[in-house]
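Work through the exercises below with the model open. Each task is followed by a stepwise solution.

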Amino acid sequence: MLLLLLVLCMWTYWRTDSDDQNPYLITDYSRLHPVKVERVVEGHEEQQLVELLRDARERNLKISIAGQRHSQGGHTYYKDGIVIDMTSYNKVLEVNTDAKKVRVQAGATWADVQRAINPYGLAVKNMQSQNIFTVGGSISVNAHGRELHQGSLIESVDSFHLLTADGQIRQVSRTENAELFPLVLGGYGLFGVILDVTLSLTDDEVYRLTTEQVLVEDYPSYFQKNVLGDPMMRMHLARISVQPGEGYFREMYALNYAYDPTASLDDYNHLDERERGVLTSKLLFNLNREFEWGRAWFWLLQQRYFESQDGKRLSRNNAMASASAFMEYHQPGENDLLQEYFIPVDAFPAFVQEMGEIVSQEQLDLLNITVRFVKHDEEAVLSYATQDMFGLVCLFHASLSEVEQEKFKGSMQQLIDAVLRYNGTYYLPYAGYATSEQFEQAYPRKNEFFAAKEKVDPNHLFMNYFMEQYGGNHP
């Protein structure tokens with residue numbers, strides 16, 4: 001028995017003997033860049049954070065800001081720096097039902113917001129497709145979701161309070177300190193600590209879900225006619241088959257959420273806060289990761305599940321909070337890594353075909369592609385929706401070893417080259433595989449962004465690995 005225990009201990013040590021499993025290092029959801037930091041500090045009150053910044057300036061330390069740490073490119077930490085964990089700074093401060101606004105501290109999650117506003121028949125205008133993320137984190141990456149008409153999150157932000165590197169707290173809106181508004185939103189924590197945010201809201205509604213099969217080559221016309229062309233449609237997403245065979249990068253499933261004025265909100269507005277079937281879904285998704293037959297089976301089960309949901313009614317707040325727990329993955333030495341590509345609507349079929357060829361040639365382990373519509377929105381300096389676009393959210397499974405990551409990086413750069421050929425862009429919150437030239441082509445205002453950083457924070461008190469990779473020389 002003792003020998004068995006010893007063998008088990010040795011096997012566990014061998015299996016977890018990697019930096020991505022080291023409890024003394026900090027990393028984000030990707031586990032790509034584990035580093036030692038000076039300390040992690042929970043945010044609790046304004047004066048505490050002001051004093052923390054003063055201490056960091058005096059000691060010449062860098063500061064990074066973290067929420068749920070689901071960004072995957074080292075945006076939330078920096079070697080030997082201080083990490084401010086904002087998840088404890090999470091109060092809902094005010095719900096103004098007359099003005100349809102809510103003010104929340106930056107560490108509050110979207111679930112916290114929904115709990116506060118749901119009793120008043122209100123809903124958020126837009127958010128990420130899960131409600132587990134912090135409001136401050138979401139607006140720092142200028143996230144988008146499945147909502148059709150509200151664009152990226154910057155459109156929903158009325159104002160916010162920002163603690164800047166000089167220790168001042170500034171009210172920022174489109175009329176006050178307005179130059180900071182398009183820099184901080186989509187600014188990845190490089191301009192200061194977002195303390196609280198005022199969001200504009202909309203009415204909660206009942207939607208009827210419909211599901212349809214469609215081919216990639218028909219998807220733009222289908223979307224323009226049946227989704228954007230239908231005034232009752234409020235939300236939409238689609239999935240592309242990555243199952244080897246005839247349907248590979250050709251078959252799609254569309255999920256449409258249409259406003260149903262015949263249904264009473266009182267019958268559907270109970271918030272569904274418990275994810276059901278997590279264990280079963282997790283097992284099936286793991287088969288999707290590990291086996292080709294599992295991937296084929298998973299796609300078939302998805303189709304049957306979508307069909308079973310056809311005609312389902314649900315509230316806006318519930319429709320915005322999709323399941324996420326089943327995707328959690330902690331296997332040592334490997335991980336699921338997100339990338340997202342934004343493609344002009346008309347270029348979608350040609351790009352998807354080329355993408356499928358690259359994925360096949362490079363033997364990439366692509367688990368899932370979700371497609372969302374992103375309305376043209378260039379208010380943020382680092383805007384990604386340079387016209388009406390489809391966002392392809394791609395979940396890759398990859399080794400975290402240095403050798404395999406170098407190969408993976410080359411494959412990702414091939415995909416980004418294809419994106420740029422179709423006048424597309426890519427999303428910055430994920431691992432930074434793009435070259436500096438690709439980044440500049442996708443984000444032509446990047447020099448304006450980093451010049452503003454030098455002006456607002458010349459000593460680079462706020463620092464992360466996104467800044468180190470793409471920001472040029474720094475102190």
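**Exercise 1. Describe how helix H10 packs against helix H11.**

Solution.
- Step 1: Locate the helices. H10 covers residues 348-361 and H11 covers residues 402-421.
- Step 2: Take the geometry. The two pack at an angle of about 165 degrees, and their axes are 10 Å apart.
- Step 3: Classify the angle. It makes H10 roughly antiparallel to H11, because angles over 145 degrees count that way.
- Step 4: Assign the hand. H10 and H11 cross in the right-handed sense.
- Step 5: List the contacts. H10 supplies Phe 351, Glu 354, Met 355 and Ile 358. They meet Gln 414, Leu 415, Ala 418, Val 419 and Arg 421 of H11.
- Step 6: Sort by class. The contact of H10 with H11 has six nonpolar, one polar and two charged residues.

**Exercise 2. How far does the confidence of the model extend along the chain?**

Solution.
- Step 1: Note the origin. This is a predicted model.
- Step 2: Read the average. The chain has a mean pLDDT of 89, and 89% of the residues score at least 70.
- Step 3: Find a weak stretch. Residues 9-16 have a pLDDT below 50. Beyond near neighbours in sequence, this stretch makes four contacts in the model.
- Step 4: Draw the consequence. Where pLDDT is low, predicted coordinates should not be read in detail.

**Exercise 3. Which strands stand at the edges of the three-stranded sheet?**

Solution.
- Step 1: Write the order. The open sheet runs E1-E3-E2, with parallel pairing.
- Step 2: Pick the edges. Strand E1 (39-42) and strand E2 (63-66) each have a single partner strand, so one side of each lacks a neighbour in the sheet.
- Step 3: Add the twist. Neighbouring strands are turned by 25 degrees against each other on average, direction ignored.
- Step 4: Check a pair. E1 and E3 (residues 82-85) run parallel and are joined by four bridges. Glu 42 is opposite Asp 85 in E3.

**Exercise 4. Characterise the hairpin of E7 and E8.**

Solution.
- Step 1: Pair the strands. E7 (residues 157-163) and E8 (residues 169-173) run antiparallel, joined by five bridges.
- Step 2: Pick a register point. Phe 160 sits opposite Val 172 in E8.
- Step 3: Inspect the turn. Five residues lie between the strands, and Gly 167 takes a positive phi near 85 degrees.

**Exercise 5. Map the eight-stranded sheet and the helices on it.**

Solution.
- Step 1: Write the order. The open sheet is E13-E10-E12-E11-E15-E16-E14-E17, paired antiparallel.
- Step 2: Pick the edges. Strand E13 (313-315) and strand E17 (425-426) have a single partner strand each, so each has one side without a neighbour in the sheet.
- Step 3: Check a pair. E11 (residues 233-240) and E12 (residues 251-259) share seven bridges in the antiparallel sense. Leu 237 faces Leu 255 in E12.
- Step 4: Place H8. Helix H8 (residues 292-309) packs on the sheet, touching E10, E11, E12 and E15. Its direction makes about 25 degrees with that of E12.
- Step 5: Place H10. This helix lies across E11, E12, E14, E15 and E16, at about 10 degrees to E16.

Note on methods. Residues numbered from 1 in each chain as written. Predicted model: local features only at pLDDT ≥ 70, side-chain atom pairs only at ≥ 80, totals over all residues. Heavy atoms only, no water. Axes fitted to C-alpha atoms, helices over the stretch in contact; angles between N-to-C directions. Parallel < 35°, antiparallel > 145°, perpendicular 65-115°, else oblique. Left-handed = near helix turned anticlockwise from the far one by under 90°. Contact = heavy atoms within 4.5 Å. Nonpolar A, V, L, I, M, F, W, Y, C, P; charged D, E, K, R; others polar. Pairing = 2+ DSSP bridges. pLDDT = per-residue confidence, 0-100.
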